[in-house]
Amino acid sequence: MQSTYKDALYSILKKEQEISLESVHVIDESYRMIVFLQDLLTRIKKDVLEHHFTEENEEIEFFRIIKPQILGKLIYYNKVYRIETSCPVSSGKMYYKYFSGELQQLKNEYKEHICNSDFYRYYRSGRTDRDRDFFKLGKINLNTGLNSFIFEVDTQFSTYYDYKVSRIIADELLYNYLIIKINPVDKPDAILQNAESTKDVFWTESKNALIELIYALYVSGAISNGKIGVRKISLVFQLLFRIQLGDIHHAFHRMKDRAGNRTLFLEQLKSSLEQYMDKDL
């Protein structure tokens, strides 16, 4: 069952990539993610109610990590949708003032409801000694003075504190989103256009590794639907990382004849990403 839930988290990453490529506006992107995550959460809930948990650690992991990752993203995209659909203009001082106001409101809510709580400090410190109290079903203690929404919670699918973690995740995502909105320096386009801001971005692997990556992107058609040549892709990477790759065709043919693993760097990327997913998800 654990692998099924981790697959669900991976499906979120895939859906985000898919929708970000297809959508032309963040309103459409956030709405589609809301629909996807709501459906995913419904299916996960049905599975939990039908099969229950076989081990205590599985239940704690689900309510401390798995469910908050899904619900947190759902809360985040819903907030983005509400903020973007209420935005009165698309640029200028009013645009800056609007998103600055949203950021200030988020800070106020965070200070009032989250960061001063004992649970927040427990969660942030990485402690696990009270996980049985916080992340197992049927442990809700009304004597601790919980928020009134507890009376609306489905106690078969919530420990109350999984929602708290979801809010932390959602607020952190929204904070980063709003910071980019109000700070042009942090906008991706501005960063790429400002040489000073990219001077610390450089390639630290070998030149052959970068050439291997470039050819993989080229032959897979991952860039511009495969309609631009490998030389042009190579030029973009050389400019981005300020590196001279020399004769990439000659280097590529040497790779083809390389003894052992011919796609060493790509295998290394795959392994590193999978290890990161296992650790962080």
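**Group meeting talk: a pocket, its aromatic neighbours and the salt bridges**

Let me begin with a single side chain, F119, which counts as buried because its relative accessibility is 8%, under the 20% cut-off. I should say at once that we are looking at a predicted model, so please take every value in this talk as computed from that model.

F119 is a good place to start, since F119 is among the residues that lie nearest the centre of the largest pocket, together with D118, F134, T144 and Y161. The lining of that pocket comprises 25 residues, and the elements that contribute two or more residues to it are α4 (92-113), α5 (118-125), α6 (131-134) and α7 (161-182). In volume the largest pocket comes to about 520 Å³, and if we sort its lining by class we find 10 nonpolar, 7 polar and 8 charged residues. As a general point about how such spaces are found, rolling a probe the size of a water molecule over the atoms shows where empty space is left.

Let me turn to the aromatic side chains, of which the structure holds 26 pairs. In one of these pairs, the ring centres of F119 and Y161 are 4.9 Å apart and the planes stand at 40°, so the pair is classed as tilted. This pair links distant parts of the chain, given that F119 belongs to helix α5 and Y161 to helix α7, with their positions 42 residues apart in sequence. Y161, like its partner, is assigned to the buried class, here because its relative accessibility is 14%.

Where does Y160 sit? Y160 is found in the loop between α6 and α7, and it has a positive phi of about 80° although it is not a glycine. With a relative accessible area of 3%, Y160 is buried. Both tyrosines, Y160 and Y161, belong to one aromatic cluster, whose other members are F119, Y122, Y123, F134 and F135.

Now to the charged side chains. In general, side chains of opposite charge can pair when their charged atoms come close, and in this model the count comes to 18 salt bridges. I will take you through a few of them.

The salt bridge between D154 and K45 has its closest N and O atoms 2.8 Å apart. D154 lies in the loop between α6 and α7 while K45 lies in helix α2 (residues 26-51), so this pair ties together parts that are 109 residues apart in sequence. As for solvent, D154 is partly exposed at 30% relative accessibility, and K45 is also partly exposed, with a relative accessible area of 28%.

E56 forms a salt bridge with R132, and there the closest N and O atoms are 2.9 Å apart. Because E56 is in helix α3 (residues 56-86) and R132 is in helix α6, the pair ties together parts separated by 76 residues in sequence. E56 counts as partly exposed, at 30% relative accessibility.

R127 and D129 also meet through their side chains in a salt bridge, at 3.0 Å from N to O. Of these two, R127 is partly exposed at 38% relative accessibility, whereas D129 counts as exposed at 52%. Finally for this part, K79, R167 and D171 are linked in a network of salt bridges.

K45 brings me to its helix, α2. This helix has 26 residues and reaches 37 Å from its first C-alpha to its last, which is close to the 38 Å expected at 1.5 Å a residue. Which residues of α2 are buried? They are S30, M33, I34, F36, L37, L40, L41, I44 and V48. Just after α2, H52 takes a positive phi of about 60°.

On the other side of this helix, in the loop between α1 (2-22) and α2, we find V24, which counts as exposed at 85% relative accessibility. V24 and C115 are 91 residues apart in sequence, and their C-alpha atoms are 35 Å apart in space.

I will close with R242, found in the loop between α10 (230-241) and α11 (248-256). Its phi is near 50°, a positive value in a residue other than glycine, and R242 counts as partly exposed at 46% relative accessibility.

How values were computed
Residues are numbered from 1 along each chain as its sequence is written. This is a predicted model: local features need pLDDT of at least 70, side-chain atom pairs count only at pLDDT 80 or more; totals for chains, interfaces and linings use all residues. Side-chain values use heavy atoms; hydrogens and water are left out. On a 1 Å grid over the protein atoms alone, a cavity is a set of points where a 1.4 Å probe fits but cannot get out, and a pocket is an open set with protein on both sides within 12 Å along at least five of seven lines; lining residues have an atom within 4 Å of a point. Grid points are joined across faces, edges and corners, and a volume is the space filled by probe spheres set on the points. Helices (H or I, at least four residues) and strands (E, at least two) are DSSP runs, numbered from the N terminus. Ala, Val, Leu, Ile, Met, Phe, Trp, Tyr, Cys and Pro count as nonpolar, Asp, Glu, Lys and Arg as charged, and the others, Gly among them, as polar. Rings of Phe, Tyr and Trp (its six-membered ring) pair if their centres lie within 6.5 Å; planes under 30 degrees apart count as stacked, over 60 as edge-to-face and the rest as tilted. Buried means under 20% relative accessible area, exposed over 50%, partly exposed in between (1.4 Å probe, protein chains only). A salt bridge is a side-chain nitrogen of Lys or Arg within 4 Å of a carboxyl oxygen of Asp or Glu. The expected span of a helix is 1.5 Å times one less than its number of residues.
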